[in-house]
Amino acid sequence: MDLLNTLVEKGLRRELPTREEALAVLATSDDELLEVVAAAGKVRRQWFGRRVKLNYLVNLKSGLCPEDCSYCSQRLGSKAEILKYTWLKPDEASQAAAAGVAGGAKRVCLVASGRGPTDRDVDRVSKTIEAIKEQNEGVEVCACLGLLSGGQADRLRAAGADAYNHNLNTSEGTYGDITTTHTYADRVDTVHQAQAAGLSACSGLIAGMGESDEDLVDVVFSLRELDPDSVPVNFLIPFEGTPLAKEWNLTPQRCLRILAMVRFVCPDVEVRIAGGREVHLRSMQPLALNLANSIFLGDYLTSEGQAGKADLDMIADAGFEVEGTDTTTLPEHRADALAGGCGSHSGSGGCGPCGDGETVAEPVAEVPAARTDLVAVRRRGAGTDLAPNA
């Protein structure tokens with residue numbers, strides 16, 4: 001297929017595809033799916049070999065968020081029956097992180113619900129970062145605390161944080177339909193603050209919220225321009241009790257096409273399969289490892305993932321290997337730029353979209369049946385007396 005050959009060549013050169021090429025990937029048929037996966041897999045292996053990075057989530061503070069993000073089970077007004085608790089103590093969070101590291105995780109992601117941290121919250125998280133670093137040599141720590149204000153990113157960096165996560169989630173044009181209590185520009189500003197402080201930026205999207213192909217391409221092109229080192233791809237978990245509880249729009253094949261498109265547009269970044277992979281990829285998860293080079297181990301913030309051992313078995317059975325702490329995740333050109341304190345990697349083609357071709361119409365597909373049986377609310381790990389899943 002000429003399209004795929006072109007995309008592979010561009011990916012190996014870190015050259016930005018056109019919008020029309022990205023849209024064409026999403027419009028490919030199921031008969032062409034294995035060809036799409038094989039093509040994107042060539043780009044993935046060029047920059048990351050057959051390594052899979054494991055990440056582990058620790059939910060520092062669950063529920064009771066004042067923001068109204070429609071997709072979130074922790075949102076203002078959510079009726080989802082999730083765990084709700086206030087801040088974990090640093091030693092509690094460190095113990096939770098240790099379980100993930102023991103299971104093979106290279107990065108621990110510290111997440112707290114809320115609009116953004118107070119200075120006191122930053123102090124609390126800084127102590128947690130220090131505790132984790134003291135007890136787990138070589139582990140990376142990523143913070144995800146919401147919108148940052150002046151100087152907070154620098155303080156987290158000084159405490160030992162390696163990265164900061166703040167997702168764009170959806171396109172700028174549709175952002176107001178998903179969230180009204182903050183703006184798309186607020187999110188972009190927080191990512192810029194993290195980059196300016198020398199933190200590795202982590203920013204991604206949520207697919208399956210009723211968006212169009214054009215919306216998906218818009219947000220991924222925006223991410224390419226923003227140039228984070230990590231791009232988590234979340235697939236909406238339609239929690240009962242949230243506004244998007246009925247949005248069951250994804251099939252495993254659709255998820256694979258989305259991951260392939262992200263890999264072609266962002267060829268040399270850490271593409272992570274994040275929340276919802278068990279719910280929507282299901283038995284196709286091993287195939288997705290040909291597209292993404294990173295996953296979360298075990299459970300998520302408010303939902304359960306598959307058993308940690310099943311994750312490790314899946315990686316091995318698919319012919320991949322867990323990335324060790326002694327291996328640098330990013331390709332040399334990106335790792336060198338980050339080490340130099342540069343949040344932007346010039347030469348990675350982070351320019352605006354180009355091309356004049358016609359938009360490829362998305363084929364009409366049947367709406368998949370809702371699989372509410374696959375959504376399991378987290379009842380173990382951080383904030384409970386039960387052992388974590390790692």
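Two strands are taken to pair if DSSP finds at least two bridges between them. In this predicted model, that criterion is a handy way into the region around strand β7, which spans residues 230-235.

On one flank, strand β6 (residues 205-207) pairs with β7 in the parallel sense, and three bridges link the two. Within this pairing, Ile-206 faces Asn-234 of β7. Between β6 and β7 the chain passes through α9, and the resulting β-α-β crossover is right-handed. On the strand β8 side (residues 270-273), β7 is again joined in parallel fashion, here by four bridges. Ser-230 has Glu-270 of β8 as its bridge partner. A right-handed β-α-β unit is formed here as well, made up of β7, helix α10 (residues 252-265) and β8.

How many of the six residues of β7 are buried? The count is six of six, and the strand is mostly covered. In a regular strand the side chains alternate between the two faces of the sheet. For β7, one side carries Ser-230, Pro-232 and Asn-234, while Val-231, Val-233 and Phe-235 lie on the other, and all of these residues are buried. Both faces of β7 are thus covered.

Attention now turns to the helix of the β6-to-β7 crossover. Helix α9 covers residues 213-226 and includes Val-219. With a relative accessible area of 2%, Val-219 falls under the 20% limit and is therefore buried. Once its neighbours within four places in sequence are set aside, the contacts of Val-219 are Leu-168, Asn-169, Thr-170, Ser-171 and Leu-205. Val-322, by contrast, is 103 residues from Val-219 in sequence, and their C-alpha atoms are 29 Å apart in space.

Val-322 leads on to another part of the model, since strand β10 (321-322) is among the elements against which the buried residues of α13 pack. The other elements in this packing are β1 (51-61), α11 (277-280), α12 (285-288) and β9 (294-296). Helix α13 itself runs over residues 308-317, and its buried residues are Gly-308, Asp-311, Met-314 and Ile-315. These residues lie on the same side of α13 because they cover an arc of only 120° around the axis. Which residues are exposed on the other side of α13? Lys-309 and Asp-317 are exposed there. Just past the end of α13, Gly-319 adopts a positive phi of about 85°.

Key
Residues are numbered from 1 along each chain as its sequence is written. This is a predicted model: local features need pLDDT of at least 70, side-chain atom pairs count only at pLDDT 80 or more; totals for chains, interfaces and linings use all residues. Side-chain values use heavy atoms; hydrogens and water are left out. Buried means under 20% relative accessible area, exposed over 50%, partly exposed in between (1.4 Å probe, protein chains only). Contact means heavy atoms within 4.5 Å. The arc is that of the directions from the helix axis to the C-beta atoms. A crossover is right-handed if, with the strands pointing away from the viewer, the path from the first strand over the helix to the second runs clockwise.
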